[in-house]
Amino acid sequence: MTDETLTGPPVGIIMGSTSDWPTMQEAARILDELGVAYETRIVSAHRTPDRLWDYGKTAADRGLRAIIAGAGGAAHLPGMMASKTRVPVIGVPVQTKALSGVDSLYSIVQMPRGFPVATMAIGAAGAANAGLMAAGILATADPGLAARLDKWRADLAASIPETPE
């Protein structure tokens, strides 16, 4: 991981429990590919609310410039984090057994006015897109990262055949 600031990595990847990591590691993979430093933490809105408060209150001062927050079920983590920091929060609905992640999606996307959360798709694709969104936010002020992101997108486009095989 590169691009570290003096106070820490620019991206935080947080999740409600270790069971969310198989989904959230897709965001980490994208950030690794693009050379963007990040930290990972378990921050449960319900089971560790003091940890959530502390993480949100200190996020900007620690150098975070984007937070990717994954949660399943009631999925309060992204919204609660958005209420505690001015750092942009990107929500990833984690797929659940009970309702396939639709419950998580609705919880994250329905934020009240004043506390926005950029909400991605359910599951691994959403986590990967969250990594890309965080990189895009950082790339607005980092020409090197902008070039790496442009190359990543060009490589993706080049990997798509023109005709079915």
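Modeller: In this model, helices are DSSP runs of H or I with at least four residues and strands are runs of E with at least two, numbered from the N terminus. By that naming, Ser100 lies in the loop between strand E4 (89–93) and helix H4 (102–109). The model is a predicted one.

Colleague: What makes the phi of Ser100 worth listing?

Modeller: Its sign: phi of Ser100 is near 60°, a positive value in a residue other than glycine. Most residues other than glycine have a negative phi.

Colleague: Why does Ser100 count as partly exposed?

Modeller: Partly exposed covers the range between 20% and 50% relative accessible area. Ser100 has 39% relative accessibility, so Ser100 falls in that class.

Colleague: And where does Ala75 lie?

Modeller: Ala75 is in the loop between strand E3 (66–71) and H3. Phi of Ala75 is near 55°, again a positive value in a residue other than glycine.

Colleague: How do you know whether Ala75 is buried or exposed?

Modeller: Buried means under 20% relative accessible area. The relative accessibility of Ala75 is 4%, so Ala75 counts as buried.

Colleague: Why are H2 and H3 called oblique to each other?

Modeller: The axes of helix H2 (residues 49–58) and helix H3 (residues 77–84) cross at roughly 50° and come within 8 Å. Roughly parallel needs an angle under 35 degrees, and roughly perpendicular runs from 65 to 115. The angle fits neither class, so H2 and H3 are oblique to each other. As for handedness, H2 passes H3 in a right-handed crossing.

Colleague: Which residues in H2 meet H3?

Modeller: On the H2 side they are Leu52, Trp53, Tyr55, Gly56 and Lys57, which meet Leu77, Met80, Met81 and Lys84 in H3. By class, this contact has six nonpolar, one polar and two charged residues.

Colleague: What makes a set of residues a nonpolar core?

Modeller: The members are buried residues of the listed nonpolar types, joined through side-chain atoms within 4.5 Å. The largest such core here has 27 residues, of which Val11, Ile13, Leu31, Leu34, Val36 and Ile68 touch the most other members. Strand E1 (11–15), helix H1 (21–34), E3, E4, helix H5 (124–139) and helix H6 (143–158) each supply at least two of its residues. H5 gives the largest share, eight residues.

Colleague: Which residues does Leu34 touch, not counting those up to four places away in sequence?

Modeller: Leu34 touches Leu132, Ala135, Leu145, Arg148, Leu149 and Trp152. Separate from the largest core is a second one of 18 residues, including Leu52, Ala82, Val87 and Val89.

Notes
Residues are numbered from 1 along each chain as its sequence is written. This is a predicted model: local features need pLDDT of at least 70, side-chain atom pairs count only at pLDDT 80 or more; totals for chains, interfaces and linings use all residues. Side-chain values use heavy atoms; hydrogens and water are left out. Axes are lines fitted to C-alpha atoms, for helices over the stretch in contact, and angles run from 0 to 180 degrees between N-to-C directions. Angles under 35 degrees count as roughly parallel, over 145 as roughly antiparallel, 65 to 115 as roughly perpendicular and the rest as oblique. A crossing is left-handed if the near helix is turned anticlockwise from the far one by less than a right angle, and right-handed if clockwise. Contact means heavy atoms within 4.5 Å. Ala, Val, Leu, Ile, Met, Phe, Trp, Tyr, Cys and Pro count as nonpolar, Asp, Glu, Lys and Arg as charged, and the others, Gly among them, as polar. Buried means under 20% relative accessible area, exposed over 50%, partly exposed in between (1.4 Å probe, protein chains only).
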